[in-house]
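Here are my notes on the model, point by point. Please read them with the structure open.

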Amino acid sequence: MKRVVLIGATGVFGRRLARHLSRMDGLDLVLTSRSADKAEALAKELASEASVPVSGIALDRDKELVAALAALQPWLVIDASGPFQQQGYEVPTAALLLGAHVVDLADARDYLTGYGPQLDELARQHGLVALAGASSTPALSAAAARELSEGWRRLDTVDIAITPGGRSEVGPAVIAAVLSYAGKPVPIWREGELQTTSGWSVGEVIDMPGLGPRRVAPVETVDAETLGPGLDVHFRVSFSAGLEAGIEQWGLALLAWLRRRGWVADLAPLVPFLVKARRVTRLWTSDRGGMRVAITGIDAKGRPRRAYWSLLAENDDGPQVPTLAATAAVRALLTDGIAPGARSAAEALDLAMIEAEIAPYAISTSQDERSVGPALFESVFGAKAFAGMPAAIRAFHSAAAEPVWRGRADIARGDGAVVGLLCRFFGLPAAGTDLPVTVSVARGDSRDDGSETWIRNFAGQRFSSHLSFDRGELREAFGPFSFTLAAEAGPEGLALPIAAWRVFGLPLPRFLMPSATARETVDAEGRFRFDVRLSLPFFGLLAHYRGWLKPRRPSDGSG
């Protein structure tokens, strides 16, 4: 029998993990909690259905940890206590020095980033395994992304989202972890490099398989920092989460906004109140949650593709998902299936190993893959007219186009308070000369494969628009405003004048309609050039931006 000591066994995830481990042959399971009564009660509860010995004792990780672990002589220490945002490496260090393997459920970015550098040499010296992040992120999320993109020539985007069932139990440690980064910068792989965005901002609505539309917002994980360079992602790696109760989701967005504005510094004092509030907000939610990993890129045959892995948890089995990677790691350790060393569990576990642990639960997974195309502007003009445009224009608009383009631009703005207000409303950049510009194009989404989202970045000032082809009309939307474009293609390039406009889908008077002179051409050096001039009735020039772009990366030939 191999003794496994589970720290934090009476927490939300610890209880679920304890029950799973109690049915795994070959273990002697010791459950710990700061409260001996709670640990013993849980051990007694599990003993009747367990296939291994289960006992419960008091253990405080902050008091005489080494002595307590030494007395237990563990083969493996599992840490499910959290929140790991405020923790150091005392537990794994103590376990390794005592000759025990280590697995934890940490998803805290800073903790995971320093784990290997801090502990790898110690683990190797003792011939032991230390795995961090054996949870939904980064172990499960990374395993799904690797599985989906296996053999692909190019990976453009990796978008990961988790939406737990609102009725699931959430403890103070989870709420404290969520609040720790609300409104603070969190990592995102954007424009092909590591950047930051605001945690728990307003976010977006996505389609979750089996659950329907759910609003999700950026959260702090290590995935962007590891998957971006690790999988050579050309455009974006994002990790988002959503709460089923709208009041909780929007409440977090408000708290994030208040902290970002500097009006609230510390959200930790709110934890006890939010724990109590969930007793009410969860009443109108369900016991169904899910997870989705969506990727886009060029597959092994050179085709633009979109692929999904999704997980659906029912009957309140969602909180079991963060424990699956940890149980997969235990099973692998029992067969000496993991090489010694300290690292992220994402480097040691594959998707099949983790999915093998879902059998006892109301959890199902599925994969879907489909072609992307034709390109939006090919649908608008037809294949013949599209092929008649200059090569640089086709390269930018093709379904297999490199998603990130960079260059330089000049920007002019109109005068007056109204013009300035409208520019700020639409997010148009400030005036400048020879500014660096990046244009990223996200092609399609789970609800409309033919749409495109353009994100323009002028020296750090971003604004975006969404283009779609609907009922024979090319439309570009900026928030609630939608403009019908009378697109024209020819051997010289592309023109996009405005033909009509709407707000919230309602037509607006033509005499108030902005005018646009928007052209895409090719210069003498073969570069893609853009020239966009926006004017308003009665006010004149709104903004005029022009410049050139080249692909951020050389073409791989697939386009």
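1. Strand S1 (residues 2-7) runs parallel to its partner, strand S4 (residues 76-79), and the two share four bridges. One bridge joins Val-4 to Leu-76 of S4. Keep in mind that this is a predicted model.

2. The pair belongs to an open sheet of seven strands, ordered S3-S2-S1-S4-S5-S6-S15, with parallel pairing. The edges are strand S3 (54-58) and strand S15 (341-344); each has a single partner strand, so one side of each lacks a neighbour in the sheet. From one strand to the next, the twist averages 20 degrees.

3. Helix H11 (residues 321-334) packs on this sheet. H11 touches S1, strand S2 (27-33), S4, strand S5 (101-104) and strand S6 (129-132). The directions of H11 and S5 make about 165 degrees.

4. Helix H1 (residues 12-21) packs against helix H2 (residues 36-47) at about 35 degrees, the axes being 10 Å apart. The crossing is right-handed. H1 contributes Arg-15, Ala-18 and Arg-19; H2 contributes Leu-42, Glu-45 and Leu-46. This contact has three nonpolar and three charged residues, and no polar ones.

5. Helix H4 (residues 90-97) and helix H5 (residues 109-125) cross at roughly 15 degrees, with axes that come within 11 Å. Angles under 35 degrees count as roughly parallel, and H4 and H5 are therefore roughly parallel to each other. Their crossing is right-handed.

6. What meets what between H4 and H5? Pro-92, Thr-93, Leu-96 and Leu-97 of H4 meet Tyr-111, Tyr-115, Leu-119, Leu-122 and Ala-123 of H5. Eight of these residues are nonpolar, one is polar and none is charged.

Technical notes:
Residues numbered from 1 in each chain as written. Predicted model: local features only at pLDDT ≥ 70, side-chain atom pairs only at ≥ 80, totals over all residues. Heavy atoms only, no water. Axes fitted to C-alpha atoms, helices over the stretch in contact; angles between N-to-C directions. Parallel < 35°, antiparallel > 145°, perpendicular 65-115°, else oblique. Left-handed = near helix turned anticlockwise from the far one by under 90°. Contact = heavy atoms within 4.5 Å. Nonpolar A, V, L, I, M, F, W, Y, C, P; charged D, E, K, R; others polar. Pairing = 2+ DSSP bridges.
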